[in-house]
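Please open the model in your viewer and keep the sequence panel beside it. This tour goes from the whole chain to a few chosen spots, with a suggestion at each stop of what to select.

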Amino acid sequence: MASLQASNLLSSSSSRASSSSKRINAAISVPKLPRIRFPVPKTPSTNLVEDLILRNGYTNTIPIEKSTVTLPRIDKEPSVNSSTSKATAKLYAILEAVADRVEMHQNVGEQRDNWNKLLFNSINMITLTATTMAGIAATGGAGAPLLALKLSSTLLFTAATGMLFIMNKIQPSQLAEEQRNATKLFRQLQRQIQTILALHDPTELDVRNAMDKVLALDKAYPLPLLGKMIEKFPAKFEPALWWPKPHDFQRKSKRAGKNRWSEELEMEMREVIEVIKGKDTEDYMRLGNLVLKINKILAISGPLLTGIAAAGSAFVGNGSWAAIVAVAAGALATTVNTFEHAGQVGMVVEMYRNCAGFFSLMEESIESALEETDFDRREDGQMFEMKMALQLGRSLSELRDLAQKSSSSRIDGVEVDEFASKIF
């Protein structure tokens, strides 16, 4: 375009200046730019990961044949103790199962607490309705109205008897307390496993110990009702047992000497055991037996009274005594049912079982620690003393004072005037 424009411009100017017919051709040529070649970098024979591996010294020699690099396997497990990693994986699997148990027992506990409330309210309403019908039937009337009231009252009393028998057999308030205790103990086990994973290198013995604790809790607090339910009215009151048999295993201490144990500490722990046995455990066993007997009497009295009321309501209209028996028995049955289930006597029985089991576990823990002759296999003495003090709701100085008081009272032949635990 530049050449054409310049040619036109020169032609027009030359025609005006002279009459010469010479024609001028002009052309402006643009110089060619020099060709610049940019060198293309060659593709490296190793990628970025391989280069980092070479720089960090993960391998000494890399054989290269025809641009092919042979590298060590990247997905190979690091050089750590394989048994420790396997035990850690197993503990995490157990931890997931324990978390699932916590949720299950919590949900079942809420469900069975609802059973207690719904059954209690329903049975009381049925009993009061039947009592009212029996009283109305006794005031007057004959024929079909009297028969309808008598039949309705008898049917309601019979239904209340059956429902009350089932409710007293399973004790929903006690079932709910069992699941609450199971939830608490599984959460405690969950925290113990988390502590092991955070502070120690897990071993197969840790895995076995955790498994045994899970299975012992499953056995102590079963979820199903049929076939595996805990006996609600045993012949003898027994403390709850939710821990496995002690293993001959304790994490070895790295501390030289007696692992912070001394003769004074051993004597202190022995005196604490004596106080627990003589005061706390004995008191809870006595109260547990008492409440269990009361619960048995109430569980028998409720269905018996509603059954008597059903029989009395069937004979209303044939005499004044039948109506009196039906109304009085129905009122007494309502009172007994309210005292037993609104007062949650079954829950109190289970609470005493759990408290007695707690003190039994403390006794067994102290005895097993004192029986261990290898101090390296014992738990740290000061840590053990602190745990016992916290479980009893005492400071270290209060725990030592209790041991001294127990020792002096036994020498003087006087009973200790306080309990070991300040919590229960």
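The stops below begin with the whole protein, move to a pair of helices, and end at two loop residues.

**The whole protein**

Begin with everything displayed as a cartoon, and keep in mind that this is a predicted model. The protein holds 11 helices and two strands, and if you follow the chain along the sequence, these elements come in the order α-α-β-β-α-α-α-α-α-α-α-α-α. Switching to a surface view, you are looking at about 26,100 Å² of exposed area, of which carbon and sulfur atoms supply 60%. Of the 424 residues in the protein, 36% count as buried. As for contacts, among those between residues at least 6 apart in sequence, 83% join residues at least 24 apart.

**Helix H7 beside helix H10**

Next, select residues 263–314, which form helix H7, together with residues 381–391, which form helix H10. Two packed helices are described by the angle between their axes and by the distance between those axes. Here the axes come within 11 Å and cross at roughly 25°; because angles under 35 degrees count as roughly parallel, H7 is described as roughly parallel to H10. The crossing in which H7 passes H10 is left-handed.

Which residues of H7 and H10 meet? Show side chains for Leu265, Glu268 and Met269 on H7, and for Gly381, Phe384, Glu385 and Met388 on H10, since these are the residues that meet. Sorted by class, this contact of H7 with H10 has four nonpolar residues, one polar residue and two charged residues.

**Arg260, ahead of H7**

Now select Arg260, which you will find in the loop between helix H6 (204–220) and H7. Most residues other than glycine have a negative phi. Arg260, although not a glycine, has a positive phi of about 65°. Is Arg260 buried, partly exposed or exposed? Its relative accessibility is 41%, and Arg260 therefore counts as partly exposed.

**Gln344, between H8 and H9**

For the last stop, select Gln344, in the loop between helix H8 (320–342) and helix H9 (345–371). Gln344 is also not a glycine, and its phi is positive, at about 50°. With a relative accessible area of 22%, Gln344 is partly exposed, because the word buried is kept for values under 20%.

Technical notes
Residues are numbered from 1 along each chain as its sequence is written. This is a predicted model: local features need pLDDT of at least 70, side-chain atom pairs count only at pLDDT 80 or more; totals for chains, interfaces and linings use all residues. Side-chain values use heavy atoms; hydrogens and water are left out. Axes are lines fitted to C-alpha atoms, for helices over the stretch in contact, and angles run from 0 to 180 degrees between N-to-C directions. Helices (H or I, at least four residues) and strands (E, at least two) are DSSP runs, numbered from the N terminus. Angles under 35 degrees count as roughly parallel, over 145 as roughly antiparallel, 65 to 115 as roughly perpendicular and the rest as oblique. A crossing is left-handed if the near helix is turned anticlockwise from the far one by less than a right angle, and right-handed if clockwise. Contact means heavy atoms within 4.5 Å. Ala, Val, Leu, Ile, Met, Phe, Trp, Tyr, Cys and Pro count as nonpolar, Asp, Glu, Lys and Arg as charged, and the others, Gly among them, as polar. Buried means under 20% relative accessible area, exposed over 50%, partly exposed in between (1.4 Å probe, protein chains only). Accessible areas come from the Shrake-Rupley method with a 1.4 Å probe; for residues, only the protein chains shown count as cover.
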